[in-house]
Amino acid sequence: MTLMPEEIDRYARHLVLRDIGGPGQLRLKAARVLVIGAGGLGAPLLQYLAASGVGTIGIVDDDVVSLSNLQRQVIHGMPDIDRPKVESAAKAIERLNPHVAVEAHNLRLSEENARALVGSYDIVADGSDNFATRFLVNDACRLAGATLVSAAILRFDGQLSTYRPDGPCYRCIYAEEPPEGSVPTCSSAGVLGAMAGTMGAMQATEVVKEILGIGESMAGRLLIYDALSV
């Protein structure tokens, strides 16, 4: 695998970075990342993974774009309303970086398909908006031996962590799903649109770090971000 002349120009700022360079960019090009959700977190996450040169990006989402999404889901636009999110996101990635292959999974993650989907990728990035999916993704990653980079947002708050196969997992923090209705959702409690950008970009950074094996991993640590107090 090599970089084409256009890619050398495109990734010039990566190639001069000591911790990336040519070998690192080739690792990004060879990587397969599965993104769960093409919504608030998925929007910036997908864009930065594509811009970084991650070679293959899978997208799992069964929803369609609605007007209320556009306050934070910046990968979509007005012409995409009522369009499947995976389709809208795939088109946006194609416009951004035609060197990236997109595998669109227009479906809801379930116990029946989660392990097979996760097992087809190197790293999973979870940007889902509900506990049931987060637990399902965590369990599928543990069974498949896949690294999971997970983020969540609500109101003005965000959290982020990485779960490697040989370390603590999501269930080490949350042993079981909270009772239905006990934790507010973004639709009921609201969320600052820019929070999705902040946490999604940080999530993309952690995915890139895991692919390249650079820096200090978020594995075993939990980042809590309060936008109103920083």
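This passage describes the aromatic pairs of the structure and the arginine side chains placed over aromatic rings. The structure is a predicted model, in which local features need pLDDT of at least 70, side-chain atom pairs count only at pLDDT 80 or more, and totals for chains, interfaces and linings use all residues. Residues are numbered from 1 along each chain as its sequence is written, and side-chain values use heavy atoms, with hydrogens and water left out.

A search of the whole structure returned four aromatic pairs, a pair being two rings of Phe, Tyr or Trp (its six-membered ring) with centres within 6.5 Å, counted as stacked if the planes are under 30 degrees apart, edge-to-face if over 60 and tilted for the rest. Among them, Phe131 and Tyr174 are edge-to-face, because their ring planes stand at 70 degrees, with the centres 6.1 Å apart. This pair links distant parts of the chain, 43 residues apart, since Phe131 belongs to helix 7 (residues 131-144) and Tyr174 to the loop between helix 8 (170-173) and helix 9 (186-189); helices are DSSP runs (H or I, at least four residues) numbered from the N terminus. The rings of Tyr163 and Tyr170 are likewise edge-to-face, with planes at 90 degrees and centres 6.2 Å apart.

Tyr163 and Tyr170 are buried, with relative accessible areas of 5% and 3%, whereas Tyr174 is partly exposed at 26% (buried is under 20%, exposed over 50% and partly exposed in between, for a 1.4 Å probe and protein chains only). These three tyrosines form one aromatic cluster with Phe131 and Phe135.

Arg134 lies over the face of Phe131, at 5.1 Å from the ring centre, and Arg32 over that of Tyr121, at 4.5 Å; the criterion places NZ of Lys or CZ of Arg within 6 Å of the ring centre and within 35 degrees of the ring normal.

Note on methods. Helices (H or I, at least four residues) and strands (E, at least two) are DSSP runs, numbered from the N terminus.
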